Amino acid sequence: MERITIATPILNGNEKKYVDECIDTGWISANGRFISEFEKKFAEFCGTKYALACCNGTVTLHLALLALGVGPGDEVIMPTLTYIATANAVTYCGATPVFVDSEPDTWNLDADKLEEKITSKTKVIIPVHLYGLPCNMDKIMSIARKHNLAVVEDAAEAHGAAWNGKVVGSMGDIGSFSFFGNKIITSGEGGMLTTNDEKLYERMKLLRSQGVDPHKRYWHTTVAYNYRMTNLQAAVGLAQLENVQWHLAQRKRVAALYEKYLPMLGDLVSTQAVPAQANHVYWMNSVILSESVKLSRDEVMAQMEAHNIEMRPLFYPMHIMPPYKDDSVHAPVAESVSSRGINLPSHGKLTEEQVRYIVESLKEILEQEA
Ligand SMILES: *Cc1c(COP(=O)(O)O)cnc(C)c1O
């Protein structure tokens, strides 16, 4: 039986045709029609005025923070339970990430624990729409506005997700997306920034390309970066975006299959709760093993691997890993969820038979020791 992987890109649209066009025309670098079209269509998709394509979804966060003036001595509040790119982007600016615990049901940043972290040094809040589930943006934006803080949405995992009908990437001051190979849509490596603010857009654009004066060749107005996307990446990204509704529908289909079969496991596992205001796009379907399961999370994953099924642990909280280790961070929910959490295969090619096999295999493993 073929190994069932966590993720796989699905390149079934114009990807090949557009990449061929790049090669046939020689437009393979950071100029070309696919870049501007990808940006334009992505801005439409998010309902923002501007979108800016970059080489990945880590540098997008870096550019967003730089454009907002984050620098040494500043603090940036973010969830401890996220992918490390969120924290690293803060560190690149010389600023300090301040970690907040998760909500027990959604695993997203707990907005009720946000305000107590705000100090005179706080500049920005980065909510992360974890695994495709949008954060409570009403609460987060109202706290941010009250304290005059900027918000960068880390929407790397959540293309097309929405809170109260508003699409992620359009609610904060800036939205940041990733098109890594395992994300909802991909460009191989790639990222996108979204904003409605012209000044922030212009600033991020300047910083993306060596700070070059747009009207004077080789005249540079500031120290900046080469964070550009290539036309080759944009060719793949644009083709993916043309089919984004289909990709999102596949995610919903797979999530519905898990919803159908996971009840077989009774209360041996729990799943990420979806608030009524949220449109979850299911980058990952995940389970938390209940306390009654005697096997460790890692043993469960190893046994699933023997069934030829790939699983991954949930992210580790930032504050327990070497670069950000900090015993003073109080985040019992994130620690607990992370230590017992598993991502299940979640890509859009999964069949009903495969999802049933995954859940049945998990049941067999969990029940032997429960
Ligand atoms: C994937 C991801 C990123 C960015 O990743 P890149 O691999 O640099 O594109 C940032 N934040 C989160 C939460 C992610 O999952």
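Here are two short exercises on a ligand site and a residue called S176, each with a worked solution.

The model is predicted, so to speak with care: local features need pLDDT of at least 70, side-chain atom pairs count only at pLDDT 80 or more, and totals for chains, interfaces and linings use all residues. Residues are numbered from 1 along each chain as its sequence is written, and side-chain values use heavy atoms, with hydrogens and water left out.

**Exercise 1.** Work out which residues surround the ligand and which polar atoms lie by its oxygen atoms.

Step 1: Start with the shell, taking residues with a heavy atom within 4 Å of the ligand. That gives 15 residues, with T58, D154, E157, S178 and K183 the closest.

Step 2: Sort them by type: five nonpolar, seven polar and three charged. Here Ala, Val, Leu, Ile, Met, Phe, Trp, Tyr, Cys and Pro are nonpolar, Asp, Glu, Lys and Arg are charged, and the others, Gly among them, are polar.

Step 3: Check the ligand oxygens. A side-chain N or O atom of T58 sits 2.5 Å from one, a polar side-chain atom of S178 is 2.6 Å from one, and a polar backbone atom of G57 is 2.8 Å from one.

**Exercise 2.** Place S176 and find its side-chain polar partner.

Step 1: S176 belongs to strand β8, residues 174-178 (strands are DSSP E runs of at least two residues, numbered from the N terminus).

Step 2: S176 counts as buried because its relative accessibility is 0% (buried is under 20%, with a 1.4 Å probe and protein chains only).

Step 3: The S176 side chain makes a polar contact with the T60 side chain at 2.8 Å (N or O atoms within 3.5 Å, one able to donate a hydrogen and the other to accept it; residues adjacent in sequence count only if both atoms are side-chain atoms).

Methods: Helix = DSSP H or I, 4+ residues; strand = E, 2+ residues; numbered from the N terminus. Buried < 20%, exposed > 50% of the residue type's maximum accessible area, 1.4 Å probe, protein only.
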